[in-house]
Amino acid sequence: MASPATHAARLEPVPHPGCGTCSAAGTARAHAHMAGNPADVTRATEAIRRHPHER
């Protein structure tokens with residue numbers, strides 16, 4: 001398991017501008033951070049990371 005310092009150093013993906021799916025996941029992630037719920041933070045982060053966008 002990563003130490004808190006290592007975990008905090010990881011950058012989270014940024015929701016794609018104008019994407020409703022990414023926006024919802026970003027909001028959910030922010031609420032999970034505020035609630036101290038790391039499992040939901042991870043789920044929302046993965047949803048943003050894996051959501052397809054044109055490059």
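How far is the sulfur of C22 from the closest cysteine sulfur, and in which residue does that sulfur sit? The distance is 3.7 Å, and the partner is C19. Keep in mind that this is a predicted model.

Now, is that a bond? A disulfide needs the two sulfur atoms within 2.5 Å. At 3.7 Å, C22 and C19 are too far apart for one. Look from the other side: for C19, the closest cysteine sulfur is the one in C22. So the count of disulfides comes to 0.

Where are these two cysteines, buried or exposed? Buried means under 20% relative accessible area. C22 has 1%, so C22 is buried. C19 has 12%, so C19 counts as buried too.

Let's step back to the whole chain. We have 55 residues, and 20% of them are buried. The fold has 3 helices and 0 strands. From the N terminus, the order is α-α-α. The exposed surface is about 4,300 Å². Carbon and sulfur atoms supply 60% of that surface.

Next, contacts along the sequence. Take contacts with a separation of 6 or more. Of those, 42% join residues 24 or more positions apart.

One more residue: A44. You will find A44 in helix α3, residues 38-50. Its relative accessibility is 7%, so A44 counts as buried. What does A44 touch, once neighbours within four places in sequence are left aside? The answer is A25, A28 and R29. There is also G26, 18 residues away along the chain. The C-alpha atoms of A44 and G26 are 6.8 Å apart.

Technical notes
Residues numbered from 1 in each chain as written. Predicted model: local features only at pLDDT ≥ 70, side-chain atom pairs only at ≥ 80, totals over all residues. Heavy atoms only, no water. Helix = DSSP H or I, 4+ residues; strand = E, 2+ residues; numbered from the N terminus. Buried < 20%, exposed > 50% of the residue type's maximum accessible area, 1.4 Å probe, protein only. Contact = heavy atoms within 4.5 Å. Areas by Shrake-Rupley, 256 points an atom, 1.4 Å probe, with all protein chains shown as cover.
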